[in-house]
Amino acid sequence: MEELLEKAKKIAEGAEVFWTTRRETPAHFEANRLKMLQTRESTWVALRIIRNGRIGSSSTTRLDRLDSLVEQAVEMSEFGVPATFELPKHGSFPKVEVYDPQTEKITIREMVHLGQSMIDQVRAKYPEVLCEGGVTRSISQVNILNSKGVSASYKKSGFALDLDGTLIRGTDMLFVGDYDVSCSPIRDTKPVVDQVMQELEWAKETVSAPPESSPVVLTSRAVAGALVFPLTLALNGESLVQGSSPLIGKLGQKVFDEKLSLWDDPTISFRPSSRAYDDEGIPSQKTPLIEKGVIANFFFDLQTAGQAKARSTGSASRFGSPNPSPATTLEVIGEGDTPNDSIIANVEDGLLVFGLLGAGQGNIMGGDFGGNVLLGYRIKQGQVIGRVKDTMIAGNIYECLKSSLVLGNKAEWVGGGLLTPPVCLQGITISSRGPAR
Amino acid sequence: MEISKDEITRAFKGHRADFIEMRLEESESTRIVYRGKELEEIGRSTGGGGCVRALVKGGWGFVSFTTPENLRDKVKLAVQQARLVGKEASLLAPVEPVVDTEPPVVKKDPRAVPLADKKQLLDEYNEVMWGTPGIQTSTIAYSDGLRKITYASSIGSYIEQTKVDLSLRVNAVAKNDGEVQQSGVSIGSRGDFGVVEGLHDKVKEIAEKAVLLLSAPRAKGGEFTVILDPILAGVFTHEAFGHLSESDFLYENPRMKEIMVLGRRFGGKHLNIVDGAAVPGFRASYKYDDEGVPSTRSDLIKEGVLVGRLHSRETAGKMGEKPTGNARALDYRFEPIVRMTNTFIEPGTMTFKDLIADVKEGIYARNWYGGMTSMEMFTFSAGEAYAIRNGRVQELLRPVVLSGNLFTTLENIDAIANDLEMNQGGGCGKGGQIPLPVSNGSPHIRIRKCLVGGR
């Protein structure tokens with residue numbers, strides 16, 4: 001790779017080589033039993049150059065084709081975007097642990113056992129449930145070199161449990177599920193199993209939906225699907241540069257309920273999304289995005305930061321494209337003051353939402369969220385009374401998060417990329433067919 | 001990666017597996033993206049890799065790689081993994097071994113169009129876009145790619161297929177006082193650059209539509225008579241019904257099998273739904289699927305009654321039916337799973353005017369953002385909507401999200417027009433494999449009592 005960089009340096013003012021290797025081993029369960037074991041190995045190399053002030057890039061999965069990368073990047077740079085940045089020098093990176101040697105040591109046999117035991121626990125109580133699941137371990141290595149002296153590499157381990165259950169009665173279908181991820185082996189399956197059992201337990205009865213403007217409780221998982229997507233899109237430096245974000249000109253202004261704080265923090269150790277530096281070699285930092293309802297920052301990679309005359313927030317991610325783009329890494333929504341249990345207990349009549357179908361389809365940039373309630377329950381007098389079906393919710397973050405927001409006092413992990421408490425919102429429209437409400 | 005047929009055949013030998021298959025793939029792609037007025041990205045990728053799948057006593061092992069060396073070791077690992085899984089009998093629907101070479105189907109080959117010409121065309125579209133007052137930002141994303149896939153299996157199949165695919169997404173965003181609206185189109189083709197040329201008027205229409213939506217009122221939420229245009233009806237067919245006909249959801253699920261029992265009535269006599277990669281000329285038309293099975297054309301619903309479904313070799317074998325050539329993998333990183341190809345509602349006899357004539361109050365929903373399904377329930381988003389009153393299309397409304405229950409909604413399709421159109425812009429996702437090129441289509445259809453999400 002040093003050779004590739006040297007070759008690129010000769011024809012360009014700036015050059016950067018980014019490469020990853022990954023080995024992933026999933027054990028996949030279907031119809032209550034182990035169905036397939038996989039090993040996925042991949043290598044990927046991306047070259048980005050700045051030549052005559054313009055960006056050119058190319059990438060390949062083939063180590064025997066590195067020679068053609070320079071040529072292709074040069075060809076692309078002829079038409080390329082003018083660079084608004086200089087490549088960084090080697091910075092001082094925070095200490096972020098993302099590798100646990102124990103993960104590499106866990107055996108396939110143990111992974112299979114973990115997966116089967118999750119399924120067996122659920123089926124011991126609900127024998128009619130058909131389970132799917134997965135136990136996956138992964139090891140990856142991320143490397144970056146640039147012509148300004150960045151030379152860095154980190155190793156990351158990942159472990160994931162997921163469990164899904166399907167229950168069919170007539171043409172009535174219920175889908176439940178939960179998952180957990182870490183950089184370390186997860187040997188305690190109880191949280192995932194308990195969550196799935198809770199979802200099944202509450203779904204024993206099907207009831208009518210609450211009235212149209214009832215309060216809606218979003219579990220931490222539903223917060224991820226419904227709220228985080230439109231919030232993050234509006235705070236993306238790219239949306240700022242393009243002029244599409246509704247938050248343009250709102251920096252320093254109070255837009256949301258003062259209970260709402262949101263930051264991006266890739267420095268939390270042992271979370272699979274965390275990292276000491278981003279995909280351009282910029283040190284990771286904790287970036288406040290919303291502080292007590294006030295817009296604090298947009299997040300940037302180098303190019304968008306250059307366009308916006310701002311500084312990169314260390315938010316460059318490549319997602320398999322040779323050109324990075326700004327993305328959050330690990331978002332955290334600040335905790336509120338209502339005990340998580342009381343959020344449901346305080347609702348007189350309302351909807352509890354675990355998952356939405358089609359949440360990312362409406363006018364996300366405009367702040368809209370909503371969709372079909374894939375898994376949701378009715379709350380009456382503080383108790384979950386049964387499952388709600390054939391119901392849609394629709395809301396807008398700029399209205400629903402403006403005031404009277406209720407936030408739980410204990411945040412929960414949703415995968416590797418979000419830490420949030422459950423919330424209760426007003427101002428969401430609930431539409432439903434079916435029995436009178 | 002010049003790997004000979006002999007080398008692959010040798011790698012298969014002596015592993016004591018019930019079945020082994022390998023796919024090797026070489027690919028190249030070009031991507032040009034404009035965001036706002038400026039070019040955001042122009043890049044080229046090359047590469048590829050391969051995978052081995054092995055079956056032992058009903059259990060699967062799968063190994064994927066980007067370095068196609070030591071193929072014998074990869075096969076060995078896949079077989080070892082399969083052996084750890086297998087505890088029952090292997091059962092695959094029998095197929096004849098195939099030895100064939102399928103050249104790319106190209107009309108105007110995108111690879112023969114110089115990069116400068118592609119950029120020039122997109123520059124023109126971007127100028128048209130920005131010539132429209134009120135546009136806040138836009139995305140124009142073009143990509144084309146070639147994949148050369150070699151398939152070999154232990155039953156003696158050896159198939160080389162080369163596929164050229166291209167797509168264009170144009171999206172316009174208009175903004176006013178913090179309100180944002182958008183409009184867009186997706187176009188795709190299996191190897192004809194011509195479909196993305198000459199779209200200047202279309203781009204203008206999209207830009208103007210986004211601006212117009214800013215002043216459009218919101219639709220009321222609730223149950224309405226809804227008329228879907230061919231694009232949205234095609235998405236509906238794919239999302240609401242198509243996924244349920246994928247047999248991997250059924251074959252080990254006795255209760256789902258009961259629901260999807262052949263002969264069950266799903267809709268009126270006018271309802272006919274078809275899927276097939278053997279239907280020529282569309283984005284997902286191909287000769288062999290990723291298990292080396294020849295493609296077919298499958299009637300799924302005939303005169304309102306369920307008559308067929310989509311299969312891989314395993315689902316067909318376990319259900320005692322014939323394979324349909326619907327096992328598809330996004331690329332070498334993934335195992336083939338049951339997928340749709342070109343899916344459509346067959347045309348009826350009515351005209352659009354007939355459909356709308358007796359609608360007192362309803363919604364005419366056009367175009368799409370996307371759709372999702374969880375078998376019984378589905379959600380799909382229209383790109384634009386119009387009010388219908390007293391048999392006439394009236395004012396433009398904000399985009400609506402339509403949602404419903406498959407079983408009642410198919411029953412509630414009470415009229416089908418005669419104007420079938422196919423949409424080639426689709427990219428389907430399932431099991432982490434996205435976007436898989438698909439096409440879907442329909443004539444205009446009318447649905448009674450359709451749930452519309454609005455505010």
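## Exercises on a predicted two-chain model

The centres of domain 1 of chain B and domain 2 of chain B, taken over C-alpha atoms, are separated by 22 Å. This is a predicted model, in which local features need pLDDT of at least 70 and side-chain atom pairs count only at pLDDT 80 or more, while totals for chains, interfaces and linings use all residues. Residues are numbered from 1 along each chain as its sequence is written, and chains are lettered from A and ligands numbered from 1 in the order in which they are written.

**Exercise 1.** Describe how the two domains of chain B meet.

Step 1: locate the domains, which span 5-213 for domain 1 and 222-453 for domain 2 of chain B, with bounds that come from an automatic or database domain assignment.

Step 2: count the contacting residues, taking two residues to be in contact if their C-beta atoms, placed from the backbone, lie within 7 Å; 33 residues of domain 1 of chain B then touch 27 residues of domain 2 of chain B.

Step 3: find the main contributor on the domain 1 side, which is strand 7 of chain B with six residues, where helices (H or I, at least four residues) and strands (E, at least two) are DSSP runs numbered from the N terminus.

Step 4: sort that side of domain 1 of chain B by class, which yields twelve nonpolar, 13 polar and eight charged residues; here Ala, Val, Leu, Ile, Met, Phe, Trp, Tyr, Cys and Pro count as nonpolar, Asp, Glu, Lys and Arg as charged, and the others, Gly among them, as polar.

**Exercise 2.** Characterise the contact between chain A and chain B.

Step 1: chain B brings 67 residues and chain A brings 57 residues.

Step 2: on the chain B side, strand 2 of chain B gives the most, with twelve residues, and the classes there are 23 nonpolar, 30 polar and 14 charged residues.

Step 3: look for pairing across the chains, where strands pair if DSSP finds at least two bridges between them; five bridges join strand 2 (residues 33-51) of chain A to strand 3 of chain B, and the two run parallel. A:Arg40 stands opposite B:Ser64 in strand 3 of chain B.

**Exercise 3.** Identify the edges of the six-stranded open sheet in chain A.

Step 1: write the strand order, 11-10-9-14-21-20, with mixed pairing.

Step 2: strand 11 (294-295) and strand 20 (412-414) of chain A each have a single partner strand, so one side of each is left without a neighbour in the sheet.

Step 3: examine one edge, where two bridges join strand 10 (residues 287-291) of chain A to the antiparallel strand 11 of chain A, and A:Ile290 has A:Ile295 as its bridge partner.
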